[in-house]
Every structure is written in structure tokens, then in C-alpha cells.
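This report looks at the charged side-chain pairs of one protein chain and at the setting in which they sit. Please keep the sequence and the model in view while reading.

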Amino acid sequence: MDNDGHLNDVEIRLECVRLAVEFAPEIARITDPLDKAETYYNWVKQNSKRQPEKTAKKKDKVKS
């Protein structure tokens, strides 16, 4: 983990393997958990490149 609290590439891959072994469907765990882990890893990397959505600068205040 770097100083900003972000996982490095190896740590992300290990976490994907852990998730695949613990939570993937049983058939995926038996046949090839690394294939499922690679699917998870690709999903994480694809979605981590997304830019945060912009929000309105001025938000409506709720009147109470």
C-alpha cells in the first residue's frame, strides 16, 4: 500500500484471488479460480480509470 492508502497492482491481484476463492460460484472455484480472479481484476482496473462524476457547484438547500 502506498502513502495515499492505495493498493499496488500485486495487492489488487491478490485481493481478486481471495475474492474469487471465497465468493465465486462453486464451479468457478473448482475449475479455475484464477480465471475468475482475472475477470475481477480486469473489472477493477477498467472501473478505476473512470473519472469522478461532476456534481453541481451550488446545491439546493432544503428548507425546514
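Which residue forms a salt bridge with Arg13? In this predicted model, the partner is Glu38, and the closest N and O atoms of the two side chains are 3.1 Å apart. The pair links distant parts of the chain, since Arg13 lies in helix H1 and Glu38 lies in helix H3, with their positions 25 residues apart in the numbering.

## Overall fold and surface

The chain has three helices and zero strands, and along the sequence this gives the pattern α-α-α. Of the 64 residues in the chain, 12% are buried.

The chain exposes about 6,200 Å², and carbon and sulfur atoms supply 55% of that area.

## Salt bridges between helices H1 and H3

Side chains of opposite charge can pair when their charged atoms come close. The structure holds five salt bridges, and among them is the pair of Asp9 and Lys45, whose closest N and O atoms are 3.8 Å apart. This pair, too, links distant parts of the chain: Asp9 belongs to helix H1, which covers residues 9-23, whereas Lys45 belongs to helix H3, which covers residues 33-48, and the two residues are 36 apart in the sequence. With a cut-off of 4 Å between a side-chain nitrogen of Lys or Arg and a carboxyl oxygen of Asp or Glu, the 3.8 Å separation of Asp9 and Lys45 counts as a salt bridge.

Asp9 counts as partly exposed because its relative accessibility is 33%, and Lys45 likewise counts as partly exposed, at 29%. For the pair of Arg13 and Glu38, the relative accessible area is 34% for Arg13, which is partly exposed, and 33% for Glu38, which is also partly exposed.

## A salt bridge within helix H1

Glu15 forms a salt bridge with Arg18, and here the closest N and O atoms are 2.5 Å apart. The two residues are three positions apart in helix H1, so about one helical turn separates Glu15 from Arg18. Glu15 is partly exposed, with a relative accessible area of 32%, and Arg18 is partly exposed as well, with a value of 34%.

## The shared network

Salt bridges that share partners join Asp9, Arg13, Glu38 and Lys45 into one network. Which helices do the members Asp9 and Lys45 come from? Asp9 is in helix H1 and Lys45 is in helix H3, while Arg13 is in helix H1 and Glu38 is in helix H3.

Notes
Residues are numbered from 1 along each chain as its sequence is written. This is a predicted model: local features need pLDDT of at least 70, side-chain atom pairs count only at pLDDT 80 or more; totals for chains, interfaces and linings use all residues. Side-chain values use heavy atoms; hydrogens and water are left out. Helices (H or I, at least four residues) and strands (E, at least two) are DSSP runs, numbered from the N terminus. Buried means under 20% relative accessible area, exposed over 50%, partly exposed in between (1.4 Å probe, protein chains only). Accessible areas come from the Shrake-Rupley method with a 1.4 Å probe; for residues, only the protein chains shown count as cover.
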